[in-house]
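Q: I should like to understand the terms used to describe this protein model. Please explain each one by setting the value against its definition.

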Amino acid sequence: MKVKRVIYPGTFDPITNGHLDILNRALALFKKVEVVIGQNPHKSPLFSLDERKALIEKSVNFNRYVKVVTYRGLLVDYIKKGEKAIFIRGLRVVSDFEYELQMAIMNRKLNPNVETVFLMPNEQYIFLSSSMVRDIVKFKGDIGRFIPGVVQQALLDKYRSGNLG
Ligand code: ADP
């Protein structure tokens, strides 16, 4: 294996069953995956980086092949010089494609040792996103089948404390 590190980057605000589906597919291909929670400049998050980290760790039952880290810098700088890495990204619908393509090309320009690999989730998650989950909770909809139990609880806690944005 030439690739040293396999990284699944994202905002994960919060993690959904769609993210977990992609993560499990990545784990079927690679021994270890690092989930890197970053700051997307276009999004103002509901959960703090540390809250998101804890939710992911609990959602994967502290699987020792999944390392969860938070990172505030440019993602390509997370990789050490000369280290070969794969970025895993999920592709749901065609509308994801343009943004993902731009990012993959830009990341490769910034660091030629980074290759992006796209995985497609089970079709039941094609229309699922963190923002949709946040909206459904706001309007008291039932989201149980789209997110892990710990995430549902955390969202309800935010809702009850009036911190749902
Ligand atoms: P970002 O802000 O980096 O897009 P997200 O947390 O929204 O962060 O998504 C991280 C990655 O997971 C992206 O590649 C996204 O396409 C993918 N993803 C998000 N939701 C799903 C889903 N329901 N099924 C498959 N992939 C998903």
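Q: How do you know that strand 4 and strand 5 are paired?
A: This is a predicted model, and in it 6 bridges join strand 4 to strand 5 (residues 114-119). Two strands pair if there are at least two bridges between them, so the 6 bridges satisfy the rule and strands 4 and 5 count as paired. The two strands run parallel. One bridge partnership links alanine 85 with valine 114 in strand 5.

Q: What makes strand 4, helix 3 and strand 5 a right-handed unit?
A: Let the strands point away from the viewer and follow the path from the first strand over the helix to the second; if that path runs clockwise, the crossover is right-handed. Strand 4, helix 3 (residues 94-110) and strand 5 make a β-α-β unit of this right-handed kind.

Q: Which other elements make a right-handed β-α-β unit?
A: Strand 2, helix 2 (residues 49-59) and strand 3 do so. Strand 2 (residues 33-37) and strand 3 (residues 66-70) pair in the parallel sense over 5 bridges, and valine 33 stands opposite valine 66 in strand 3.

Q: How are the helices and strands ordered along the chain?
A: The chain has 5 helices and 5 strands. From the N terminus on, they follow the order β-α-β-α-β-β-α-β-α-α.

Q: Why does the radius of gyration of the chain agree with that of a compact globule?
A: For 165 residues, a compact globule would have a radius of gyration near 15 Å; the chain has 16 Å, and therefore the two agree. The C-alpha trace spans about 50 × 35 × 30 Å along its principal axes.

Q: What makes the pair formed by tyrosine 8 and the ligand a polar contact?
A: A polar contact is a pair of N or O atoms within 3.5 Å. A polar side-chain atom of tyrosine 8 lies 2.8 Å from an oxygen atom of the ligand, so the pair meets this cut-off. A polar backbone atom of glycine 90 is 2.7 Å from an oxygen atom of the ligand, and an N or O atom in the side chain of arginine 92 is 3.2 Å from a nitrogen atom of the ligand. Taken alone, the ligand exposes 550 Å², of which the protein buries 93%.

Q: How do the residues of the shell around the ligand divide?
A: They divide into 7 nonpolar, 6 polar and 4 charged. Strand 1 (5-10), helix 1 (17-29) and strand 4 (85-90) each supply at least two residues of this shell.

Q: Why are proline 14 and asparagine 61 worth a remark?
A: Most residues other than glycine have a negative phi, and most peptide bonds are trans. The bond from aspartate 13 to proline 14, however, is cis, with omega near 0°; proline 14 is in the loop between strand 1 and helix 1. Asparagine 61 is not a glycine, yet has a positive phi of about 55°, and is found in the loop between helix 2 and strand 3.

Notes. Residues numbered from 1 in each chain as written. Predicted model: local features only at pLDDT ≥ 70, side-chain atom pairs only at ≥ 80, totals over all residues. Heavy atoms only, no water. Helix = DSSP H or I, 4+ residues; strand = E, 2+ residues; numbered from the N terminus. Polar contact = N/O pair within 3.5 Å; in protein donor to acceptor, adjacent residues only side chain to side chain. Areas by Shrake-Rupley, 256 points an atom, 1.4 Å probe, with all protein chains shown as cover. Nonpolar A, V, L, I, M, F, W, Y, C, P; charged D, E, K, R; others polar. Rg over C-alpha atoms; globule rule 2.2 N^0.38 Å.
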